[in-house]
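Me: I would like to learn how to read a ligand site and a salt bridge. Can we go through them step by step?

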Amino acid sequence: MPDGMAIDYDGLIPNNVGLNADARLRKALETWHPGYIDWWKGCGPVGFQDAEVYLRTAVGVDPEGWARFGFVKMADYRWGILLAPPIEGRRIGFGAHMGEPAWQEVPGEYRAQLRRLLVIQGDTEPASVEQQRHLGATAPSLYDLRNLFQVNVEEGRHLWAMVYLLQKYFGRDGREEAEDLLRRRSGDRDTPRMLGAFNEATPDWLSFFLFTFFTDRDGKMQLAALAQSGFDPLSRTCRFMLTEEAHHMFVGDSGIQRVIQRTCAAMREAGIEDPTDAERVRALGVIDLPTLQRKINLHFTLTLDLFGNEISTNAANAFNAGLKGRYREDKIEDDHRLLDATYPVLRWRNGVIVREDAPALSALNMRLRDDYVAECEHGVARWNRVIAASGVSFRLSLPHVGFNRRIGEFAAAAIAPDGTILAAEEFQARRDSFLPSAADGDYIQSLMVPARAPGEYAAWLAPPRVGIDNKPGDFAYVKIAE
Ligand code: BYC
C-alpha cells in the first residue's frame with residue numbers, strides 16, 4: 001500500500017501509513033498498545049467506560065471520511081494513525097534549508113531538536129485527558145458529556161500520532177520516549193507533565209470550557225506551526241490533527257456562550273440591573289459575569305505561558321532548521337529566513353513595560369503568541385455580542401499579557417489585568433479581584449450537579465443551538481449502563 005490515502009481499518013491499529021508492510025513498526029506499536037489501554041482505563045475518564053457514546057471516528061482523511069458518527073464504548077474506540085495526504089513535490093518553506101525537498105527521514109543534525117518537539121507536543125495530549133478525568137460525574141447534560149468524551153478520545157489519538165512518529169523515526173530512543181509519555185502524570189509531584197498549564201486542575205465544567213477555548217487554541221497554534229515543518233511526516237500528522245482540533249475549540253467557545261446566555265437571561269427575568277451584584281446573581285443559580293472574567297484572567301494567562309520565553313534561541317534554532325515555522329508561514333510574504341528582520345517585543349525593563357525591536361528569529365514565540373492573542377480577542381468579542389444582545393451592561397476582556405505570568409519577561413512583574421504596574425503587596429491584596437478565589441471555586445463547584453435525562457440541561461447553562469450531527473435536542477448522546 002502506498003504511503004498515501006488508503007486506510008487499513010481491519011487491523012488492531014487503523015492507519016493510512018502502511019503499517020502492514022512495516023513489521024518492526026507494527027510490533028513496536030502493538031507492544032505499546034496494552035500500556036496505552038491500561039493508561040486510558042487508569043487515568044482516562046472515570047466511569048462511563050461501559051456507556052455507549054455517540055462519537056465520531058476518523059475513517060478517512062478526505063473531507064467526508066474523517067467524521068463517521070456512531071455509538072461506541074470508549075475503550076473500544078479505534079485510535080488510529082492518520083496522516084493528511086502527501087503534497088506532491090513539497091519543499092521546505094522557511095529557514096536555512098528553504099527550497100530543498102521536504103525531508104521524508106529525520107535529518108541527523110536535527111534529531112535531538114525534533115525529538116524534543118515531538119515529546120513536548122505528545123506530553124500535552126494525555127495530560128489534558130488526565131486533567132479532565134473526573135468531569136463526567138458532573139456533566140451538565142448528555143450533549144456535554146458526549147463532547148467531553150469526544151475531546152478525550154481525540155486527545156488520546158493525538159498521543160498516538162506523536163508516538164507513531166517517535167517509534168517510526170527514532171528507534172530505541174523513540175520507544176523509550178513513548179513509554180515515558182505513559183509514565184508522567186498531570187499534577188504529580190515526582191513525575192509531572194512537562195509544561196505548566198498541563199499540571200493545573202480542571203475541577204469543573206466552567207474550567208473545561210475555558211481550557212478548550214484557551215488552551216486547545218494554543219494547541220491549534222503550535223500544531224499549525226509544526227504543520228509547516230520541513231519534516232514531512234510531522235507536517236502531515238499535524239495537518240490531520242488540526243481538523244479535529246476545531247471541534248475542541250468549538251466546545252469551549254460555544255460552552256462559554258451558553259453560560260453567558262443563561263446568566264443574562266436569568267438576570268433579566270429577575271430584574272437585576274447590576275451585573276456586579278454577585279450575591280443576587282448567584283442566588284439565581286447562575287455564574288455571575290465578574291466570576292467568569294476572573295476565570296478568563298486565569299486560563300488566558302496560564303495558556304500564555306505555554307508559548308515559552310518571548311526571546312528564545314530554541315525557537316530561532318527550530319525555525320532555522322526548518323522544523324517549526326510561523327503560523328501560516330506559507331501565507332506570509334517575506335523572505336522566510338528572517339536573518340535581518342526585526343519584530344516588536346514587549347519587555348520588562350527596570351520596572352516598566354517597554355516595546356523593543358528584537359531580531360525576528362529570536363522573537364518567534366512572541367509572534368506566535370501575538371497571533372494567538374488576536375484570535376482570542378475575536379472570541380471575547382463574540383461573547384460580548386451575546387451580552388450586549390441581552391441588554392446587560394457588562395464587557396468581558398482579555399487581561400494584559402504581563403498579568404499573572406510564570407514564564408518569560410513578566411514572570412517577576414506584578415501587573416494588574418488592566419496593565420497597571422503594582423507593588424507586589426498591592427497585587428497580593430487585590431489578588432481575589434483579579435483571579436478566582438477559593439470562594440469562587442466553591443460556588444462554581446456547588447453548581448456542578450449532573451443532568452442525565454435526554455434533553456435536560458443544568459440550570460447554569462443554556463442548551464446548544466443545534467445538536468451534534470444535527471441530532472434533535474432530546475437525543476440520548478450517551479447511553480449510560482444501569
Ligand atoms: N512550562 O526557549 P524557551 C496542545 C521551558 S498545547 C514549563 O522559551 P521554547 C494541547 C522550555 O521547554 C501545544 N517549561 O522554550 C492543548 C525550555 O526548556 P529546556 C503543545 C517551559 O522551546 C490542549 C526552557 O523553558 N505543543 O497541543 O522556545 C489539550 C526555555 O524556554 C514552559 C507545543 O508546545 C512552560 N510553559 O518554547 C491538548 C509545541 N515554556 O528545553 C493538547 C512544541 C518553556 O531549555 N513545543 N519552558 O530545558 C515548543 O514549540 C516549545 O518547546 C515551547 C517552548 C513553545 C513549548
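Reply: Start with the polar contacts of the ligand. In this predicted model, an oxygen atom of the ligand lies 2.6 Å from an N or O atom in the side chain of serine 312. Taken alone, the ligand exposes 1100 Å², and the protein buries 80% of that.

Me: Which side chain has an N or O atom 2.5 Å from an oxygen atom of the ligand?

Reply: That is the side chain of lysine 324. The backbone takes part too: a polar backbone atom of aspartate 305 is 2.9 Å from a nitrogen atom of the ligand.

Me: Which pocket does the ligand take up?

Reply: The ligand takes the space of the largest pocket. Elements that give two or more residues to the shell around the ligand are α2 (111–131), α5 (205–227) and α9 (313–320). The largest share, seven residues, comes from α2.

Me: How many residues surround the ligand, and which come nearest?

Reply: There are 29 residues around the ligand, and Arg116, Gln121, Asn309, Ser312 and Lys324 come nearest. Sorted by class, the shell holds ten nonpolar, twelve polar and seven charged residues.

Me: How many salt bridges are there?

Reply: The general idea comes first. Side chains of opposite charge can pair when their charged atoms come close. With a cut-off of 4 Å between the nitrogen and the carboxyl oxygen, the count comes to 31 salt bridges. One of them joins aspartate 144 and arginine 258, with the closest N and O atoms 2.9 Å apart. This pair links distant parts of the chain: aspartate 144 is in helix α3 (residues 142–169) and arginine 258 in helix α6 (residues 232–270), 114 residues apart.

Conventions: Residues numbered from 1 in each chain as written. Predicted model: local features only at pLDDT ≥ 70, side-chain atom pairs only at ≥ 80, totals over all residues. Heavy atoms only, no water. Near = heavy atom within 4 Å. Polar contact = N/O pair within 3.5 Å; in protein donor to acceptor, adjacent residues only side chain to side chain. Areas by Shrake-Rupley, 256 points an atom, 1.4 Å probe, with all protein chains shown as cover. 1 Å grid on protein atoms, 1.4 Å probe; cavity = no way out; pocket = protein on both sides within 12 Å on 5 of 7 lines; lining within 4 Å. Sits in = over half its atoms within 2 Å of the grid points. Helix = DSSP H or I, 4+ residues; strand = E, 2+ residues; numbered from the N terminus. Nonpolar A, V, L, I, M, F, W, Y, C, P; charged D, E, K, R; others polar. Salt bridge = Lys/Arg side-chain N within 4 Å of Asp/Glu carboxyl O.
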